[in-house]
Every structure is written in structure tokens, then in C-alpha cells.
Amino acid sequence: MKDLFIKAAFSEQTERPPVWMMRQAGRFMKEYWDIKNKYSFLEMCKTPEIAADVTMLPVDLLGIDAAILFSDILVTAEAMGGELSFSAGVGPQFANPVRTKAAVDALDTDVLPKLQYVADAIKVIQQRLNGSIPLIGFAGAPFTVMSYLVEGGSSRDFKTTKLLLHNEPELAHQLLSKIAKVTADYLNLQIAAGVNAIQIFDSWAQALAWDDYKEFSHRYITEIISQLNRKDIPVISFCKGSSVFAPLMAEAKPDVISIDWNVDLLDIKKRLPQGIAVQGNLDPHILYADKKVIKERIHRLFERMRGENGFIFNLGHGIMPDIPFDNVKYAVEVIKEFRY
């Protein structure tokens, strides 16, 4: 599928930057809540027809250039044995945090049958997309998934996770190795089911010092990417903190690095190896602003990247739930009207 998004991901020339946005099928849309109010979050993820309905919302309502599978980064951790629940105002929680060798030993790595619902959802989505735009599959990076398992949920300071890394590094590596194996298998399951691209989300990488990122995150992402059946399937690497870690992220040999908004995008692209595309990097808070500001900021970014192959427009992180839908729609229209 040599469309705009895939071409840009493989650093080929495009007439304009393709656009998709992290969390594009989310809580800023009334239509999402119409579905969410009928089902639990995990029901939505695990019912292929519902996952397809949510995946298609931004395709139908925004006209973006790539769809992303509706799922969650923690489905792998649940399949391994984590007792996962989501509650309003709290987010994901694991009733059985993993903090001992016995708990790490108990985690299962032969989990693909438990994740078949994801492959089923991909097939339904691809039937609905019917080749119109590519579908992005994804997984959480091992360090981020590990942090949820160890903390038992979200964390502000990752204190328990960092104590494990520093006091019991061998146990941390055992846990990360298990998650990495499951993640590689899971992404290959998605590729076999028909996704057109892959993104790896390391949402909490910015919590790590450089040496710790290298040892406990980068090492495992490199391992995962090396095991993917990636022929014609671009691989996008995303982390919070990519403006710092991008040169190291490039060593894992992704096709695209997704960049946060704390850095000049052209500057970081120039520092990356030839053939690695960049994705990003508008501050999502811009989408709260007046429409003339949104347009000016998008055009400023595009003029900065003029003449550069390998640029996918995205936000530096996901859309916030209270961003006005009309502003997001307007941003997509501005992007799609632009021509180099």
C-alpha cells in the first residue's frame, strides 16, 4: 500500500505531510462516548466489532491519512497474568503487582491465543477500510508495560519501578525479557492479521536517566524491532523524551521516530541517520487555541520541514480529552489543504 503515509514513513517524497494523531479515536469525540457509555473499556478492546467501530471514528469524522487500531498497551500484561481493570478517574490498575521473583516467574509468555481478539479486530477493521488508508498496529514498550505491572497502575514518580531497576537489576531484566518476548510475538501477530505499520509506545521513558534508558528500555526495543516481520511494514518508535533519546532510538533501526514538542523538528531530523523519518511534533495544547493560531503553527512547522522527505504530521503526544473536536477537524483540514 504505497500511499502518502507509507511513503513518508519510508522517507519517500510526498506532496504534503500525511496526518494522523495519537489518541485520535478518543474521549474528545462525542461519538466515542456514545459507545463508551454502553461498554466497559476492556469490553471495547476485546469485542472486534466494537474495536472496529471506535477505530473508524476518526477515519469517518476527521478524514485522517492513517487509522490506528483501538486497543490498549496493557493487553499484553493482562495476557501474561496481570489482573487488569480500568476505573473512572483512576485509570488502569493491576490487582496483583509484580515485585518479587515468584511473581515474575509466574508470568506467562505463551499468550498469543489470549490475544486473538486483537487479530480478529484487525481483520474487521481492514474489511471496513477496504484499502482506503493504512492501519497502524501497536504495542507498549517493555519498560512502560513493566512500570504498570510493578507500580500496580499509573505513577507520578515510578519509585517502586526504579527501586527494582537499581536494587534488583537481574530481576528487572528477567521481567523485561519476558515482556519483550510477548511484545515481539504480539506485534508479529498483528502484522500477520494485516496491519500496514507498527508503532511502539514507550510512554514513560522520560522517567529514566540516560544510562537507565539505554539498559532497561532501548535494549529491549532494539530486540523487539530486530524480531519483527517488517518487510513493507514501517516501524515507528515513540517515547516521551524522544527529543533527548532520539539519537539512541535510531540505533534500534526503526523507520520512523516520533518526536515530542520540546525540540526543533528539523534540527533533530538532521541529527538522525539518513533514511529515518520523523513524526510529530506539534504541542497538543495548540489545539485549544484560536483557529488562526492552529493554522499559523501548523504552517510554521511545515515551512520548517519544507524540502525534507520522511515527515509525518502528528502531535508530540496524544490528544487531550477536552480539546474541542472542531479544532481537531480544522487542523486536519489545514494539513490536507497544504502543498509543498
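This report describes the two largest pockets of the structure, which is a predicted model.

The largest pocket holds about 1200 Å³ of space, and among the 38 residues that line this pocket, Arg 23, Arg 27, Phe 41, Asp 72 and Phe 86 lie closest to its centre. Two or more lining residues come from each of helix H2 (30–36), strand S2 (84–87) and strand S3 (91–94), and of the elements it is H2 that contributes the most, with three residues. Sorted by class, the lining of the largest pocket consists of 24 nonpolar, ten polar and four charged residues.

For the second largest pocket the volume is about 220 Å³, and the residues that line it include Trp 261, Val 263, Asp 264 and Leu 265, together with Asn 281, Leu 282, Asp 283 and Ile 286, and also Arg 297, Arg 300, Leu 301 and Arg 304. Strand S8 (277–282) and helix H14 (291–304) are the elements that each supply two or more residues to the lining of the second largest pocket, and H14 gives the most, with four residues. The class make-up of this second lining is six nonpolar, one polar and five charged residues.

The table sets out the class counts and the volumes of the two pockets.

| Pocket | Volume | Nonpolar lining | Polar lining | Charged lining |
|---|---|---|---|---|
| Largest pocket | about 1200 Å³ | 24 residues | ten residues | four residues |
| Second largest pocket | about 220 Å³ | six residues | one residue | five residues |

Key. Residues are numbered from 1 along each chain as its sequence is written. This is a predicted model: local features need pLDDT of at least 70, side-chain atom pairs count only at pLDDT 80 or more; totals for chains, interfaces and linings use all residues. Side-chain values use heavy atoms; hydrogens and water are left out. On a 1 Å grid over the protein atoms alone, a cavity is a set of points where a 1.4 Å probe fits but cannot get out, and a pocket is an open set with protein on both sides within 12 Å along at least five of seven lines; lining residues have an atom within 4 Å of a point. Grid points are joined across faces, edges and corners, and a volume is the space filled by probe spheres set on the points. Ala, Val, Leu, Ile, Met, Phe, Trp, Tyr, Cys and Pro count as nonpolar, Asp, Glu, Lys and Arg as charged, and the others, Gly among them, as polar.
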